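The following paragraphs walk through one protein model, from its strands to its surface. Please keep the sequence and the coordinates open while reading.

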Amino acid sequence: MPISAENKARYPKDWPLRSRFIRFIRAKNHCEWCGAENYQPHPVTGSKVILTTAHVFDHSPEISHFLNLAALCQKCHNAHDATMRRKNAAIRRRRESKQLSLL
């Protein structure tokens, strides 16, 4: 998943190297959770797999040690992040509704 501009400074300076190591060396070009092969059709979705490096236990970009990172396909990464995205969306909606009520 692309790093947003506002979060870029929160990642370690060697993030590109860490990410490449996780995806291509440690995971051997496969999703570490479902085994889908990078750049091949996903066995379940049929879409082309593009491995990403995900924060697994702590989503903070600053916590980028190898035990907190995993090479994941889009399906696994999206499933892993779904709960966090729902919470953040609910927070945004509440914030926006409060702002609208102040108008």
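Helices and strands are here DSSP runs, numbered from the N terminus: a helix is a run of H or I with at least four residues, and a strand is a run of E with at least two. The model is a predicted one, in which local features need pLDDT of at least 70 and side-chain atom pairs count only at pLDDT 80 or more, while totals for chains, interfaces and linings use all residues. Residues are numbered from 1 along each chain as its sequence is written, and side-chain values use heavy atoms, with hydrogens and water left out.

The strands come first. Strand β1 spans residues 52-55 and pairs with β2 in the antiparallel sense, over four bridges; two strands pair if DSSP finds at least two bridges between them. Strand β2 covers residues 69-72. The register can be read from the bridge partners: T52 stands opposite L72 in β2, and H55 has L69 of β2 as its bridge partner.

How are the faces of these strands covered? In a regular strand the side chains alternate between the two faces of the sheet. In β1, T52 and A54 lie on one side and T53 and H55 on the other, and all of them are buried. Buried means under 20% relative accessible area, exposed means over 50%, and partly exposed is in between, with a 1.4 Å probe and protein chains only. Strand β2 likewise has both faces covered: L69 and A71 on one side are buried, as are A70 and L72 on the other. H55, which is found in strand β1, counts as buried because its relative accessible area is 7%. From H55 to I22 the C-alpha to C-alpha distance is 11 Å, with their positions 33 residues apart in sequence.

Next come the charged pairs. The structure holds four salt bridges, where a salt bridge is a side-chain nitrogen of Lys or Arg within 4 Å of a carboxyl oxygen of Asp or Glu. One of them joins E62 to R10, with the closest N and O atoms 2.7 Å apart. E62 lies in the loop between β1 and β2 and R10 in the segment before α1 (15-26), so this pair ties together parts that are 52 residues apart in sequence. E62 counts as partly exposed because its relative accessibility is 46%, and R10 is partly exposed at 35%.

Another salt bridge links D14 and R18, again with 2.7 Å between the closest N and O atoms. D14 has a relative accessible area of 32% and is therefore partly exposed. R18 is found in helix α1 and is partly exposed as well, with a relative accessible area of 21%. The C-alpha atoms of R18 and M84 are 23 Å apart in space, and the two residues are 66 apart in sequence. A further salt bridge is formed by E32 and R26, whose closest N and O atoms are 2.9 Å apart. E32 counts as partly exposed at 32% relative accessibility, and R26 is partly exposed at 30%.

The loop between α1 and β1 contains K28 and Y39. K28 is a residue other than glycine with a positive phi, near 55°. At 60% relative accessibility, K28 counts as exposed. Y39 is not a glycine either, yet has a positive phi of about 70°. Y39 is partly exposed, at 44% relative accessibility.

Y39 also belongs to a surface patch. Together with F21, F24, I25, I50 and F66, Y39 makes a nonpolar patch of about 540 Å². Patches are made of residues with over 30% relative accessible area and no salt bridge; like charges are joined within 9 Å, and nonpolar side chains (Val, Leu, Ile, Met, Phe, Trp, Tyr) within 5 Å. Accessible areas come from the Shrake-Rupley method with a 1.4 Å probe, and for residues only the protein chains shown count as cover. F66 lies in the loop between β1 and β2 and counts as partly exposed because its relative accessibility is 39%.

Which residues form the positive surface patch? They are R92, R93, R94, R95 and K98. Lys and Arg count as positive and Asp and Glu as negative, whereas His and the chain ends are not counted. The place of a charge is taken as NZ of Lys, CZ of Arg, CG of Asp or CD of Glu. Of these patch residues, R95 is found in helix α2, which spans residues 74-102.
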